[in-house]
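Colleague: I have some questions about this model. Could you take me through them one by one?

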Amino acid sequence: MIASRSAMVVLAGLTGFVFLLLYGPLLLPIVSSFFMVKQGAMLWDQPTLQAYATLAQNEGILEALRNTVTVGFSAVVLSLAIGTGLALYVNSGEGAGRQFLQFLVFLPFLLPPIIIGLSLLIFFREVDFPRSLVTVIIGHTVFVLALVYRIVLVRLQALSRSLVEASYDLGASGWQTFRLVLLPNLTGAMAGAAVLAFALSFDETMITILVTGTQNTLPIRLWAMMRLGFTPDINALVTLILAFTTALCLLAARYLTPRELLAEES
């Protein structure tokens with residue numbers, strides 16, 4: 001009993017140490033964004049929200065934010081449409097090439113983003129397609145497609161095939177079966193996949209750098225700002241991005257949690 005308790009204490013200490021190493025550095029920009037900085041020194045006795053006020057008046061930041069939301073929303077819509085269609089095809093058990101299709105879907109997600117970005121850059125150059133927000137949307141869609149596809153497919157595989165068979169027996173068409181039977185059961189999984197896909201798109205930097213044109217997204221803008229040195233408005237921007245992505249992940253976890261478990265917890 002004593003040995004078991006000592007092992008638990010050691011394990012808890014190691015876990016806390018790992019979490020401190022991973023997330024401790026994130027606390028510095030968060031705390032720094034709420035205090036005045038003068039000549040490189042933080043004034044702990046002068047808390048302020050000036051960095052956030054300055055950030056809200058920065059037109060470049062606001063434009064980058066609009067571009068980021070546009071790219072993320074477009075990538076989510078496209079990946080949901082394509083990923084759900086592919087998941088339905090693979091789950092149907094009909095047609096050839098399903099394994100190869102899954103390989104093509106997962107490959108961009110498993111490869112390093114720099115490889116995906118370079119491949120897309122070469123492709124766009126060869127077909128003489130100008131780089132813009134459209135190319136960024138294509139790149140992000142390719143990157144997050146596997147995530148959406150897998151989440152929707154897992155939910156489809158968890159559904160009883162008798163639901164679909166009963167729908168067909170009652171005279172429903174394929175579209176009616178999807179709209180009235182499958183889609184209501186896929187809503188939670190699709191919502192969770194959409195939130196996670198948007199979070200990945202929101203933070204994606206490497207692919208964006210390689211395929212973007214003159215319109216920058218928020219991570220690219222942040223990277224450009226950091227090249228000139230860390231300032232309070234950069235700390236504020238980092239804090240807001242961390243808070244937003246954390247909220248998205250928590251929201252995704254909420255939608256991806258089975259309803260039965262939530263009912264038992266409540």
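Colleague: Which residue meets arginine 125 in a salt bridge?

Modeller: This is a predicted model: local features need pLDDT of at least 70, side-chain atom pairs pLDDT 80 or more, while totals for chains, interfaces and linings use all residues. Residues are numbered from 1 along each chain as its sequence is written, and side-chain values use heavy atoms, without hydrogens and water. A salt bridge puts a side-chain nitrogen of Lys or Arg within 4 Å of a carboxyl oxygen of Asp or Glu. At 3.8 Å, N to O, the partner of arginine 125 is glutamate 126.

Colleague: Is glutamate 126 buried or exposed?

Modeller: Buried means under 20% relative accessible area, exposed over 50%, and partly exposed lies in between (1.4 Å probe, protein chains only). Glutamate 126 has 58% relative accessibility, so this residue counts as exposed.

Colleague: Where does H8 kink?

Modeller: Helices are DSSP runs (H or I, at least four residues), numbered from the N terminus. The bend is the angle between axes fitted to the seven residues ending at a residue and the seven starting there. In H8 a kink of about 55° comes shortly before proline 184, at leucine 183.

Colleague: Which helix gives the largest share of the largest nonpolar core?

Modeller: Such a core joins buried Ala, Val, Leu, Ile, Met, Phe, Trp, Tyr and Cys residues through side-chain atoms within 4.5 Å. The largest one has 55 residues, and Tyr149 is among those with the most contacts inside it. The largest share, 14 residues, comes from H6.

Notes. Helices (H or I, at least four residues) and strands (E, at least two) are DSSP runs, numbered from the N terminus.
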